[in-house]
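Hi,

Here is the structure I promised to pass on. Have a look at it first, and then read my notes below.

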Amino acid sequence: MSIVRVNEFTAAVGKSAELFDFLQTLVPYIAGAAGCIACELLKHHEHSDQFMIIERWNSIEDHQLAITNYPQEDMQAAMSLFGAPPKGNYFQQD
(Lines give C-alpha, C1' and ligand atoms only; values in the text may rest on other atoms or scores of the structure.)
Protein backbone atom coordinates (compact mmCIF):
# COMPACT_ATOMS: atom_id res chain seq x y z
CA MET A 1 0.00 0.00 0.00
CA SER A 2 1.38 3.43 -0.92
CA ILE A 3 1.24 6.63 1.12
CA VAL A 4 0.13 10.01 -0.22
CA ARG A 5 1.73 13.15 1.16
CA VAL A 6 -0.28 16.36 0.65
CA ASN A 7 1.66 19.59 1.20
CA GLU A 8 0.09 23.07 1.28
CA PHE A 9 1.99 26.30 0.74
CA THR A 10 1.02 29.98 0.95
CA ALA A 11 3.25 32.63 -0.58
CA ALA A 12 4.29 35.80 1.20
CA VAL A 13 2.75 38.99 -0.18
CA GLY A 14 4.20 39.70 -3.61
CA LYS A 15 6.15 36.41 -3.68
CA SER A 16 3.69 34.08 -5.47
CA ALA A 17 5.69 33.76 -8.69
CA GLU A 18 8.96 33.25 -6.81
CA LEU A 19 7.46 30.59 -4.54
CA PHE A 20 5.93 28.80 -7.52
CA ASP A 21 9.34 28.82 -9.26
CA PHE A 22 10.99 27.41 -6.13
CA LEU A 23 8.35 24.69 -5.75
CA GLN A 24 8.85 23.75 -9.41
CA THR A 25 12.51 23.03 -8.62
CA LEU A 26 11.41 20.65 -5.87
CA VAL A 27 9.33 18.44 -8.17
CA PRO A 28 12.25 16.75 -10.02
CA TYR A 29 14.11 16.29 -6.72
CA ILE A 30 11.09 14.65 -5.09
CA ALA A 31 10.17 12.58 -8.16
CA GLY A 32 13.74 11.28 -8.40
CA ALA A 33 14.00 10.28 -4.74
CA ALA A 34 14.10 6.61 -3.83
CA GLY A 35 10.60 5.35 -3.08
CA CYS A 36 8.73 8.19 -4.81
CA ILE A 37 6.02 6.94 -7.14
CA ALA A 38 4.68 10.31 -8.33
CA CYS A 39 4.80 14.03 -7.59
CA GLU A 40 2.81 16.96 -8.91
CA LEU A 41 2.60 20.68 -8.18
CA LEU A 42 -0.77 22.44 -8.28
CA LYS A 43 -1.71 26.13 -8.14
CA HIS A 44 -5.06 27.17 -6.65
CA HIS A 45 -7.44 28.22 -9.41
CA GLU A 46 -8.68 31.35 -7.57
CA HIS A 47 -5.93 32.21 -5.08
CA SER A 48 -2.62 32.67 -6.88
CA ASP A 49 -0.70 32.63 -3.60
CA GLN A 50 -1.73 29.06 -2.68
CA PHE A 51 -0.03 25.89 -3.91
CA MET A 52 -0.13 22.18 -3.24
CA ILE A 53 2.35 19.40 -3.87
CA ILE A 54 0.87 15.91 -3.93
CA GLU A 55 3.36 13.07 -3.58
CA ARG A 56 2.83 9.30 -3.68
CA TRP A 57 5.44 7.22 -1.84
CA ASN A 58 6.14 3.56 -1.14
CA SER A 59 6.36 4.44 2.56
CA ILE A 60 6.47 7.31 5.05
CA GLU A 61 10.08 6.36 5.74
CA ASP A 62 11.01 6.92 2.08
CA HIS A 63 9.47 10.41 2.22
CA GLN A 64 11.22 11.29 5.44
CA LEU A 65 14.58 10.13 4.09
CA ALA A 66 14.13 12.33 1.01
CA ILE A 67 13.43 15.34 3.24
CA THR A 68 16.53 14.62 5.31
CA ASN A 69 18.70 14.51 2.18
CA TYR A 70 17.38 17.80 0.67
CA PRO A 71 20.00 20.59 0.93
CA GLN A 72 18.99 22.61 3.98
CA GLU A 73 20.69 25.76 2.69
CA ASP A 74 18.35 25.71 -0.33
CA MET A 75 15.32 25.43 1.94
CA GLN A 76 16.58 28.19 4.22
CA ALA A 77 17.10 30.48 1.22
CA ALA A 78 13.43 30.01 0.26
CA MET A 79 11.96 30.70 3.71
CA SER A 80 11.28 34.38 2.91
CA LEU A 81 8.91 33.25 0.12
CA PHE A 82 6.46 31.62 2.56
CA GLY A 83 3.59 33.69 3.97
CA ALA A 84 2.71 30.93 6.46
CA PRO A 85 4.42 27.76 7.64
CA PRO A 86 3.99 24.95 5.09
CA LYS A 87 1.49 22.26 6.11
CA GLY A 88 1.63 18.61 5.22
CA ASN A 89 -0.09 15.35 6.09
CA TYR A 90 0.05 11.67 5.15
CA PHE A 91 -2.94 9.85 3.72
CA GLN A 92 -3.58 6.25 2.73
CA GLN A 93 -6.24 4.35 0.85
CA ASP A 94 -7.99 1.56 2.71
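**What I found**

Arginine 5 stands opposite tyrosine 90, a residue of strand E4. That pair belongs to a wider match, since E1 and E4 run antiparallel and are joined by six bridges. Before I go on, please keep in mind that this is a predicted model.

**The sheet**

On its other pairing, E1 is joined to E3 by eight bridges, again with the two strands antiparallel. If you want to find that match on screen, look for valine 6, whose bridge partner in E3 is isoleucine 54. Asparagine 7 has its partner in E3 too, namely isoleucine 53.

Put together, the four strands make an open sheet, with antiparallel pairing and the order E2-E3-E1-E4. E2 and E4 (87–92) are the edge strands, each pairing on one side only. From one strand to the next, the twist averages 15°. As a general reminder, strands of a sheet pair through backbone hydrogen bonds, and they can do so parallel or antiparallel.

How much of E1 is covered? Most of it: six of the eight residues in E1 are buried.

**The helices on the sheet**

H1 covers residues 16–32, which makes 17 residues. From first C-alpha to last, H1 reaches 25 Å, close to the 24 Å expected at 1.5 Å a residue. H1 lies across E1, E2 and E3, and its direction is at about 170° to E2.

Which residues of H1 are buried? They are Ser16, Leu19, Phe20, Phe22, Leu23, Leu26, Val27 and Ile30. What covers them includes three strands, E1 (3–10), E2 (36–43) and E3 (50–57), along with helix H3 (72–78).

H2 lies across a set of strands as well: E1, E3 and E4. The angle between H2 and E3 is about 125°.

**A serine to look at**

Serine 59 sits in the loop that links E3 to helix H2 (60–69). Is serine 59 buried or exposed? Its relative accessibility is 17%, so serine 59 counts as buried, the cut-off being under 20%. The side chain of serine 59 also reaches the backbone nitrogen of aspartate 62, at 3.0 Å.

**The whole protein**

Stepping back, the protein has three helices and four strands. Read from the N terminus, its elements follow the order β-α-β-β-α-α-β. The radius of gyration is 13 Å, close to the 12 Å that the globule rule gives for 94 residues, so the protein is as compact as a globular protein of that length.

Along the principal axes, the C-alpha trace spans about 40 × 30 × 20 Å. Of the 94 residues, 35% count as buried. If you take the contacts between residues at least 6 apart in sequence, 69% of them join residues at least 24 apart.

That's what I have for now. When you open the file, I'd begin with arginine 5 and tyrosine 90, and then turn to serine 59 and its reach to the backbone nitrogen of aspartate 62.

Cheers

Conventions. Residues are numbered from 1 along each chain as its sequence is written. This is a predicted model: local features need pLDDT of at least 70, side-chain atom pairs count only at pLDDT 80 or more; totals for chains, interfaces and linings use all residues. Side-chain values use heavy atoms; hydrogens and water are left out. The expected span of a helix is 1.5 Å times one less than its number of residues. Buried means under 20% relative accessible area, exposed over 50%, partly exposed in between (1.4 Å probe, protein chains only). Contact means heavy atoms within 4.5 Å. A polar contact is a pair of N or O atoms within 3.5 Å; within protein, one must be able to donate a hydrogen and the other to accept it, and residues adjacent in sequence count only if both atoms are side-chain atoms. Two strands pair if DSSP finds at least two bridges between them. Axes are lines fitted to C-alpha atoms, for helices over the stretch in contact, and angles run from 0 to 180 degrees between N-to-C directions. The radius of gyration is taken over C-alpha atoms; the globule rule is 2.2 Å times the number of residues to the power 0.38.
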